[in-house]
Amino acid sequence: MNAVFYLSSFVAVLSTLMVITRMNVVHALLYLIVSLLAVALIFFSLGAPFVAALEVIIYAGAIMVLFVFVIMMLNLGPQAARHERQWLSPGIWKGPAVLSMILMAEFLFIMTKGYHVGSVLTVEPKHVGIALFGSYLLGVELASMLLLAGIVGAYYLGRRDDDGRAQRSRRLK
Amino acid sequence: MTSVPMEHGLVLAGLLFVLGLAGVLMRRNIVFILMSIEIMLNAAGIAFVIAGARWGQPDGQIMFIFILTMAAAEVSVGLALLLQFYHKFKTLDADAARTMRG
């Protein structure tokens, strides 16, 4: 498990370095997804399988999909097709693919060697759930209110501006 | 075979956090700034999980779940702001909004 930790730390740092130096947003997103997958493997090697799954599902799944949708919405225009051709140019995908292959090899290593490799103290999802809905219940309620505020805020800010201006001027009259 | 020393994990979390901070300071594109903020939040979460794994307690993972919730709310509001910004200024350069005329 030590080798898994160090190798995925290396992949995480390398791909994060690539994220902040890319010029193209979509290339940076590719590397960011690789970085998050590497962090998920780090969590697994530290004996935290529940947050490893959450990292893949929520960060690499949901939040990155949000980013991709927004980038797609921003590129509505005649130059979108040209950009699309640039993004599909061969060679761009090689870096993320190599890093993902390293992570895939680690994943296969874990799966073939069995779940408990080495003397890692694993915190099971059951204990996390018991603590989350036991002593941290107030925090869960506050998080739900934060998410509600996030939904309302995103809905309010996401409207088109002309729409809102018309409503406001109607209210002033 | 012993488990990973805690210091190495904390060094990793610090390294990722500094990379995210450098991204926020260097880039002028708002999408990159938001991605770098995600990297920084993720690094803080790594530090919590490592500290929780050190003592075998679930508290670190619970703090990570809260950070995840906060990051999801933050990124949804941030991306909605980004869309408004783009409709208003027709650019993603953060310097375009340095004068707040209301």
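At what angle do helix α7 of chain A and helix α3 of chain B pack, and how far apart are their axes? To find out in this predicted model, select residues 137–158 of chain A and residues 59–89 of chain B. The angle is about 10°, and the axes lie 8 Å apart. Since angles under 35 degrees count as roughly parallel, α7(A) is therefore roughly parallel to α3(B).

Now show the side chains between these two helices. From α7(A), the residues in contact are Gly139(A), Val140(A), Ala143(A), Leu146(A), Leu147(A), Gly150(A), Ala154(A), Leu157(A) and Gly158(A). Facing them from α3(B) are Phe66(B), Thr69(B), Met70(B), Ala73(B), Ser76(B), Val77(B), Ala80(B), Leu81(B) and Gln84(B). By class, this contact has 12 nonpolar residues, six polar and no charged.

Next, stay in chain A and select helix α5, residues 94–113, with helix α2, residues 25–45. The two pack at about 20°, their axes 10 Å apart, which means that α2(A) runs roughly parallel to α5(A). The crossing of this pair is left-handed. On the α2(A) side, pick out Leu30(A), Tyr31(A), Val34(A), Leu37(A), Ala38(A), Leu41(A) and Phe44(A). They meet Gly95(A), Pro96(A), Leu99(A), Ser100(A), Leu103(A), Glu106(A) and Ile110(A) of α5(A). The contact comprises 11 nonpolar residues, two polar and one charged.

Keep α5(A) on screen and add helix α1 of chain A, residues 2–21. The α1(A) and α5(A) axes come within 10 Å and cross at roughly 160°; the helices are therefore roughly antiparallel. Here too the crossing is left-handed. The α1(A) residues to label are Val4(A), Leu7(A), Ser8(A), Val11(A), Leu14(A) and Ser15(A). Opposite, in α5(A), are Leu99(A), Ile102(A), Leu103(A), Glu106(A), Phe109(A) and Ile110(A). This contact divides into nine nonpolar residues, two polar and one charged.

Leu99(A) deserves a label of its own: it meets residues of α2(A) and residues of α1(A). Leu103(A), Glu106(A) and Ile110(A) likewise take part in the contact with α2(A) and in the contact with α1(A).

The last stop is a cavity. How many cavities of 30 Å³ or more does the structure hold? There is one, and the largest cavity has a volume of about 50 Å³. To locate the largest cavity, select Thr16(A), Leu32(A), Ser35(A) and Leu36(A), together with Leu16(B), Ile39(B), Asn42(B), Ala43(B) and Ile46(B), which line it. The elements giving two or more residues to this lining are α2 of chain A and α2 (30–55) of chain B. Of the elements, α2(B) gives the most, four residues. The lining has six nonpolar residues, three polar and no charged.

Note on methods: Residues numbered from 1 in each chain as written. Chains lettered and ligands numbered in written order. Predicted model: local features only at pLDDT ≥ 70, side-chain atom pairs only at ≥ 80, totals over all residues. Heavy atoms only, no water. Axes fitted to C-alpha atoms, helices over the stretch in contact; angles between N-to-C directions. Parallel < 35°, antiparallel > 145°, perpendicular 65-115°, else oblique. Left-handed = near helix turned anticlockwise from the far one by under 90°. Contact = heavy atoms within 4.5 Å. Nonpolar A, V, L, I, M, F, W, Y, C, P; charged D, E, K, R; others polar. 1 Å grid on protein atoms, 1.4 Å probe; cavity = no way out; pocket = protein on both sides within 12 Å on 5 of 7 lines; lining within 4 Å. Points joined across faces, edges and corners; volume = space filled by probe spheres on them.
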